[in-house]
Structures are given as structure tokens and as C-alpha cells.
Amino acid sequence: MEPIVIAGGCYFEACEAPYWRALYGSGGRAAQALIGRGPVTLHTYFPRARKGELYPFVAAGIDIRAADSASALAFAYFHPLSDPVLAPLRSDIPRLPAIRAEGDAVLRFGFLEGEAIVCGRRVVYDPQSVGEFEPFGRNGSSAQELAVVLNAHELRAASGQDDLDAAARSLLESGAEVVVAKSGVQGAFVHTRGRSSAWVPAFWSDSVFKIGTGDVFSAAFTYAWAHLGRDPVEAAHAASRSVSQYAASRLLPLPPAWDGPAQGRAIGARSGGLVHLVGSTARLADRWLCEEAAWRIQQLGVRVRRLNDLSGGLPADGAFLVFADQIEPVALDELARRVSAGRVVVISETDAASPEGVLRTGDFTTALYWVCWISSTESAADASGGPPERNAERRG
């Protein structure tokens, strides 16, 4: 059986809330995700003196081919949606000779230390651009059939066009067979040459660990489309379900039923919604938390409004994110009483009980995803898009 060939970085990762320490990176995570799906070969960079730390990959059956690098790279996050700190600094990372890889089914990620020149029958390209988008073939890479998987920001940068449909068409015209545009909480749009675009939903997770979800999506899509030869829309559905399962558990490899029936409900959200923030601004820490939540929600493609007065009429649209540790319990009870069930998400690090009809978690990222999913769904009670349990209390 031909191996799935992956070219991507192996980087250390650290996060404080929730606590996370791991050696993954895009290439490492994708390779680990596909253990048990047949042979996997990983091409990467890693310091010669520390290659013993790659033993878990070898022990899992991954054929790892690591070119020597100057130092190990690490990403540090405060929370999974925060901007990571890279060590060493990007300016201090020497540019290394290109890695070369070829195979029948190939997944190519962008690198920090260098680049991968790949050749394959079916190739998936996930550029993970930080600055300028690098076209797939600029470095000499080639593919009989190419799928480009990227987020909306990368797609606009790649094409120079704001309209995502037009941007995707430009990539198709430049040689790609498939373009998958990931759109955060709204799911993804699959553009295939000669066909109309198709929307693929995100799937609800009872908790959301965001670090590496893009890597998992690309790995699952590569397995389904490039390795198994499935239709690109079907492959994207499988990839979206895989993201939901990984985000909820943080576990790899992907479970055996990863491409079977969805474990969570599809989120019926094709466009951004509206979130009302409820919390205190009395202390600096409170204001910072509210501002951080507002900024990250906007990055997820959802509008945000501060709701400072709960005594008057409440908005009939959108969803509510409540920082319960900043307001009086009686105020939360009153809000829950006046808002329809399923529209209120409570974030709290205490064990206090929540009113009926609200969703509660102690995890910041999970709370933001829940409230964005709910707000972006036409109706919070819509069975196609809402949470699995309406009167549920979750602890992150």
C-alpha cells in the first residue's frame, strides 16, 4: 500500500488555559491523526541532537524523515484562540535547504524553517501563511490534481480579492482542482472545478480545544480525498466531523469511526451572527476579559455588542455570553428567565449552579465557540444547529 506522505513542521506547543504541553506542529499532528489508516511518511525538520524526542512518532509506526535544523521551535499560547508567541523569534530562524517529497497522496504544509518541494498524483496544500501567500508551484512543486485548503484570510491574500467566491475561482483557474475555504464557526465552502460551490457545516463539540484543528482538518481531508479517492465535498464533511471529535477530546489518532455518522450535530450557520456580552467593567481584569472575548468573537466572524443594562428590554436576536463570576446570581437568574432557552452561554470558574435553559462551561474558548454557533444559527432551538442538550451544564 502506498503511504500517505506528509511534509510539515514538528514543533513544541504550550498553552496555559487549558493546560497543554505537546510535541506536534502541523506535520506531527497530521501524521499522528492518520495512524492506523495505512503507512504514513512524515518529512520535517528537527535538531539532530534532539531527534530522540521523535521516538513516539517512530513507535507509532510513522516513517519519519527529519532534516537537521538549528534549533527546536515552540509556540506558546495563553488560551487556544490567543496569538501565539514563537521561540526563537522568526527573525532568528535560519532558512534551511528545501525538503523534497513525493508520493501518490501528499499533504504539504507551510514551514517556518524552509519549504517542501513535493510531487504527487493527488496533493493537498495547506499554506498556513503568516505573511505573503506562496503559490503551490512557485518552488517547483507539482501535482496531477491539487486541492488547496486555507482559511478565508489566506484565500483573500492568495487572490487579492475580497469576494471569497471570486477568490476561489481565481485559484481554480490557476491550476487547483479543489479549493476548500474554512470559515471558522460557519464551517467551510468547497469549490470544485466545473461545479457549483458547496457548504460544509461545522459540528457541535461539548468542549472546544482549538489548537491544531486546522491540521486535523487537512489530514482527514487528505486521507479521504487524496488517499481514498472520495468526492471533495464528502471528504470535507469527514474532515469537519474529525475536527469536532478532536476538539472535544484532544486525542489522536482519529477514532476508527471518524468518517462515519457525525458524533455531534451540524451547526446550521452559513453567516455570522450577533453576541451580546454581559459582564462587569469595574476592574481592569474584568474589562480585559470582556475585551479579549469581544476581539476573539469578531475574529470568528461574529458581531459583538456590550449589554450593560439588564433592567430594560432585552434584544430579541443573537445570543448572550455571560461572565457569571462578574455579576450577581440574581441578575443571571433574571436574564435566563427573560431569554428563550438555548440562547445564553455562561462562563464561570466556580461550581455554582446555573439557571435552567443555559449552557455553562469554565473554558474560555469553548464558551466563545458555543455562543458563536448559537448566535449564527437562525434559531437557537433549531434542531439542525443547536446544542445537543438545551438545559445542559458543562464543565470545561
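The paragraphs below lead through a predicted model of a protein, beginning with the confidence of the prediction and moving on to its cores, rings, cysteines and backbone.

Across the protein the mean pLDDT is 89, and 92% of the residues reach 70 or more. One stretch needs separate treatment: over residues 379-396 the pLDDT stays under 50, although the model has 58 contacts beyond four places in sequence for these residues. Where pLDDT is low, the predicted coordinates should not be read in detail. Those 58 contacts of residues 379-396 are therefore best left without a detailed reading.

The interior is a good place to start. In soluble globular proteins, nonpolar side chains tend to be buried together. In this model the largest nonpolar core has 84 residues, and those with the most contacts inside it are I6 and F221. The element that gives the most to this core is helix 5, residues 213-227, which supplies 9 residues. A second core, separate from that one, has 31 residues, among them L81, V185, A247 and I297.

What surrounds I6, once its neighbours within four places in sequence are left aside? The residues in contact with I6 are G27, A30, A31, L34, V40, T41, L42, H43, L107 and F109. The other residue singled out in the largest core, F221, leads on to the aromatic rings, of which the model has 13 pairs. F221 and W225 form one such pair, and it is stacked, with 5.9 Å from centre to centre and 20° between the planes. Both residues lie in helix 5, 4 residues apart, which is about one turn of the helix, and both F221 and W225 are buried.

A further stacked pair links distant parts of the chain, since W204 lies in the loop between strand 13 (198-200) and helix 5, whereas W370 lies in helix 9 (residues 364-376), 166 residues apart. The ring centres of W204 and W370 are 5.8 Å apart and their planes meet at 15°, so the pair counts as stacked. W204 is buried, with a relative accessibility of 3%, and W370 is buried as well, at 0%.

Rings also gather in a group, for W20, Y24, F209 and Y246 form one aromatic cluster. Over the ring of F209 sits the charged end of R250, 4.8 Å from the ring's centre. R250 itself belongs to the loop between helix 6 and strand 14, and at 29% relative accessibility it counts as partly exposed. Its backbone deserves attention too, as R250 has a positive phi of about 65° although it is not a glycine.

The same loop, between helix 6 (232-249) and strand 14 (274-278), also holds P253, and a cis peptide bond with omega of about 5° joins L252 to P253. Another cis peptide bond, again with omega of about 5°, joins A17 and P18, where P18 lies in the loop between strand 2 (12-15) and strand 3 (20-23).

L252 and P253 appear again around Q32, a residue of helix 1, residues 25-33. Not counting residues up to four places away in sequence, Q32 touches Y24, P56, F57, I62, L252 and P253. Q32 is buried, with a relative accessible area of 11%, and Y24, one of the residues it touches, is also a member of the aromatic cluster described above.

Elsewhere, R303 is found in strand 15, residues 303-306. Beyond four places in sequence, R303 touches G273, L274, V275 and I297, and the last of these, I297, is included in the second core. The C-alpha atoms of R303 and S376 are separated by 9.7 Å, while the two residues stand 73 residues apart along the chain.

Finally, how many disulfides does a search of the whole structure find? It finds 0. A disulfide is a covalent bond between the sulfur atoms of two cysteines. For C10, the closest cysteine sulfur is that of C15, and at 19 Å it is too far for a bond. C290 is likewise in no disulfide, with the nearest cysteine sulfur, that of C372, 15 Å away. C10 counts as buried at 2% relative accessibility, and C290 counts as buried at 3%.

Terms used:
Residues are numbered from 1 along each chain as its sequence is written. This is a predicted model: local features need pLDDT of at least 70, side-chain atom pairs count only at pLDDT 80 or more; totals for chains, interfaces and linings use all residues. Side-chain values use heavy atoms; hydrogens and water are left out. A nonpolar core is a set of buried Ala, Val, Leu, Ile, Met, Phe, Trp, Tyr and Cys residues joined through side-chain atoms within 4.5 Å. Buried means under 20% relative accessible area, exposed over 50%, partly exposed in between (1.4 Å probe, protein chains only). Helices (H or I, at least four residues) and strands (E, at least two) are DSSP runs, numbered from the N terminus. Contact means heavy atoms within 4.5 Å. A disulfide is a pair of cysteine sulfur atoms within 2.5 Å. Rings of Phe, Tyr and Trp (its six-membered ring) pair if their centres lie within 6.5 Å; planes under 30 degrees apart count as stacked, over 60 as edge-to-face and the rest as tilted. A charge sits over a ring if NZ of Lys or CZ of Arg is within 6 Å of the ring centre and within 35 degrees of the ring normal. pLDDT is the predictor's confidence in each residue, from 0 to 100.
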